[in-house]
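Dear colleague,

Please find below the structure I agreed to hand over to you. I would be grateful if you could read the findings that follow alongside it.

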Amino acid sequence: MIYLITGGERSGKSSYAQTLALQLSNAPIYVATARKWDADFQNRIDRHQQERDERWTNIEKEKYLNEIDFSDKTALIDCVTLWLTNFFVDTKNDVSLSLEEAKSEFKKIASQPNTNLIIVTNEIGMGVHADTHIGRKFTELQGWMNQFLASNADEVVLMVSGIPVKIKG
């Protein structure tokens, strides 16, 4: 099963996804896709890690998620926005190449047998319009990837003010 959990910033996506993972498995995997850009971001990572107990296996993987064996496991990937940022930065803001590489990685992990994938993403296009050309390009990348993920997901949940709204499945 593939679950896509989407919504705005601080909408409750990660909490909902963690609860779902623990309903599906006594020993889920948490895949953190963030790069440690600065001390503030490290604090955010530390806070997220403290929210998970010993039942979780934590893996930090910036881009190549297919290197992780998800077979017969439940895995929470948090989050697509940070994951896409890594592709976007590494391709020097090439939207098409970033999208192609991210889709390829997703297809590889989605093809692993007997896997529950819970994927957290952001709806950044529903917020404030990006001030910069680069910001608008990234918003397009995020939107196209979200559409691709949603079309491949068995269930899609939109988080609104901490409330899950099932929109597919």
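The notes below go from the overall form to the sheet, the helix contacts and two points in the backbone.

Please bear in mind that this is a predicted model. The protein has 5 helices and 7 strands. Read from the N terminus, its elements follow the order β-α-β-α-β-β-α-α-β-α-β-β. The C-alpha trace spans about 45 × 30 × 30 Å along the principal axes. For 169 residues, a compact globule would be expected to have a radius of gyration near 15 Å, and the 15 Å found for the protein agrees with this.

The sheet

The 7 strands form an open sheet of mixed pairing, arranged in the order β3-β2-β4-β5-β1-β6-β7. Its edges are β3 (57-60) and β7 (163-168); each has a single partner strand, so one side of each is left without a neighbour in the sheet. On average, and with direction ignored, neighbouring strands are turned by 20 degrees against each other. At the β7 edge, strand β6 (residues 155-160) pairs with β7 in the antiparallel sense over 5 bridges. L158 has V165 in β7 as its bridge partner.

The helix contacts

Helices α3, α4 and α5 were examined in pairs.

The axes of α3 (residues 80-90) and α5 (residues 133-152) come within 10 Å and cross at roughly 125 degrees. The two helices are therefore oblique to each other, and the crossing is right-handed. On the α3 side the contact is made by V80, T81, W83, L84, T85 and F88, and on the α5 side by I134, K137, F138, L141, Q142, M145, N146 and L149. By class, this contact of α3 with α5 comprises 9 nonpolar, 4 polar and 1 charged residues.

For α4 (residues 95-110) and α5, the axes likewise come within 10 Å, but the crossing angle is roughly 25 degrees. This makes α4 roughly parallel to α5. Their crossing is right-handed. V95, S98, L99, A102, K103, F106 and K107 of α4 meet K137, L141, W144, M145, F148, L149 and N152 of α5. The residues in this contact of α4 with α5 divide into 9 nonpolar, 2 polar and 3 charged.

How do α3 and α4 cross? Their axes come within 9 Å, at an angle of roughly 130 degrees, which makes α3 oblique to α4. This crossing too is right-handed. W83, L84, F87 and F88 of α3 meet V95, S98, E101, A102, E105 and F106 of α4. By class, the contact of α3 with α4 has 7 nonpolar, 1 polar and 2 charged residues.

Several residues recur in these lists. W83, L84 and F88 of α3 take part in the contact with α5 and also in the contact with α4. On α4, V95, S98, A102 and F106 meet α5 as well as α3. On α5, K137, L141, M145 and L149 are in the contact with α3 and in that with α4.

Two points in the backbone

The peptide bond from D78 to C79 is cis, with omega near 5 degrees. C79 is placed in the loop between β4 (74-78) and α3.

N93 has a phi near 70 degrees, a positive value in a residue other than glycine. N93 is located in the loop between α3 and α4.

With kind regards

Note on methods. Residues are numbered from 1 along each chain as its sequence is written. This is a predicted model: local features need pLDDT of at least 70, side-chain atom pairs count only at pLDDT 80 or more; totals for chains, interfaces and linings use all residues. Side-chain values use heavy atoms; hydrogens and water are left out. Axes are lines fitted to C-alpha atoms, for helices over the stretch in contact, and angles run from 0 to 180 degrees between N-to-C directions. Helices (H or I, at least four residues) and strands (E, at least two) are DSSP runs, numbered from the N terminus. Angles under 35 degrees count as roughly parallel, over 145 as roughly antiparallel, 65 to 115 as roughly perpendicular and the rest as oblique. A crossing is left-handed if the near helix is turned anticlockwise from the far one by less than a right angle, and right-handed if clockwise. Contact means heavy atoms within 4.5 Å. Ala, Val, Leu, Ile, Met, Phe, Trp, Tyr, Cys and Pro count as nonpolar, Asp, Glu, Lys and Arg as charged, and the others, Gly among them, as polar. Two strands pair if DSSP finds at least two bridges between them. The radius of gyration is taken over C-alpha atoms; the globule rule is 2.2 Å times the number of residues to the power 0.38.
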